[in-house]
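The following report describes the interior, the fold and the surface of one protein chain.

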Amino acid sequence: MSDQYFYPNIWGRSILTSAEEILGENGVKALLNLAGLQQYIGNYPPDNIRKAFPFAHVARLQQALFDMYGSRGARVFATRGGEATFRHSMDKYDKVQRAAQAAMSIGSVEVRHRMGLQFFSKFFNTVSDQVVRVQEDDAYWYWIIETCPMCWERKADEPVCHLGVGVLNAASFWATGGKRFRIAETKCIAMGDDVCVYTIDKVPLP
């Protein structure tokens, strides 16, 4: 079943190149060996947008980070990796980046943030098999993942989709012209929840 759901190759490549920036070449080799993904050592996915990087591989990389560095270390490294992955991917999807920038060039921080989250949820749903929707109340945005690659077939006692926190950190910063927000995963499929939910403060950090 897991091989029926994919990220674009560029996202798989970005996850690995980002990991290399943080862990170094030997660190990525160790990560791939631990994840049982030796086929990517010195052979990252191609730099294209074809949907061919399996969700199962995303999850195994995240689990390997946890096994190597523990809960706290995995959270730090995966969050940083998510931020770098967003930046790498936006460089690849240049037309998408320009369209988003044009759409979010006016309005308050909250308006730009709303438009950015809605834009990127549609983007994820279009170019990958990840299924995302956005909801809100007076205080928070809720980024809800119905089909999640980061915890695919994983079981855990705590939220484990830290890569997504990093992606949302970078996306929110980018959409609002440099504002930072408190973002936390509050529900996780790996914990037995029906969906993964990221709760995002509407008010920027000071």
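## Nonpolar core

In this predicted model, the largest nonpolar core holds 55 residues, and Leu61, Trp143, Cys161 and Tyr198 touch the most other members. Two or more residues of this core are given by each of helix H1 (9-35), helix H2 (55-92), helix H4 (109-127), strand S4 (140-147), helix H5 (162-175) and strand S6 (196-201). Helix H2 supplies the largest share, eleven residues.

Which residues is Tyr198 in contact with, leaving aside its neighbours within four places in sequence? Tyr198 is in contact with Trp141, Tyr142, Trp143, Ile145, Met150, Cys161, Gly164, Val165, Leu168, Ile183, Ala184 and Glu185.

## Secondary structure and contact order

The protein chain contains five helices and six strands. Their order along the sequence is β-α-β-α-α-α-β-β-α-β-β. Where contacts link residues at least 6 apart in sequence, 69% of them join residues at least 24 apart.

## Overall dimensions

The radius of gyration of the protein chain is 16 Å, which agrees with a compact globule, because a globule of 206 residues would have a value near 17 Å. The C-alpha trace spans about 45 × 35 × 35 Å along its principal axes.

## Burial, surface and charge

Of the 206 residues in the protein chain, 50% are buried. The accessible surface amounts to about 9,900 Å², and carbon and sulfur atoms account for 51% of this surface.

Charged side chains number 23 positive and 22 negative. The centres of these two sets lie 5 Å apart.

Terms used. Residues numbered from 1 in each chain as written. Predicted model: local features only at pLDDT ≥ 70, side-chain atom pairs only at ≥ 80, totals over all residues. Heavy atoms only, no water. Helix = DSSP H or I, 4+ residues; strand = E, 2+ residues; numbered from the N terminus. Rg over C-alpha atoms; globule rule 2.2 N^0.38 Å. Buried < 20%, exposed > 50% of the residue type's maximum accessible area, 1.4 Å probe, protein only. Contact = heavy atoms within 4.5 Å. Areas by Shrake-Rupley, 256 points an atom, 1.4 Å probe, with all protein chains shown as cover. Lys, Arg positive; Asp, Glu negative; His and termini not counted. Charge placed at Lys NZ, Arg CZ, Asp CG, Glu CD. Core = buried A, V, L, I, M, F, W, Y, C linked by side-chain atoms within 4.5 Å.
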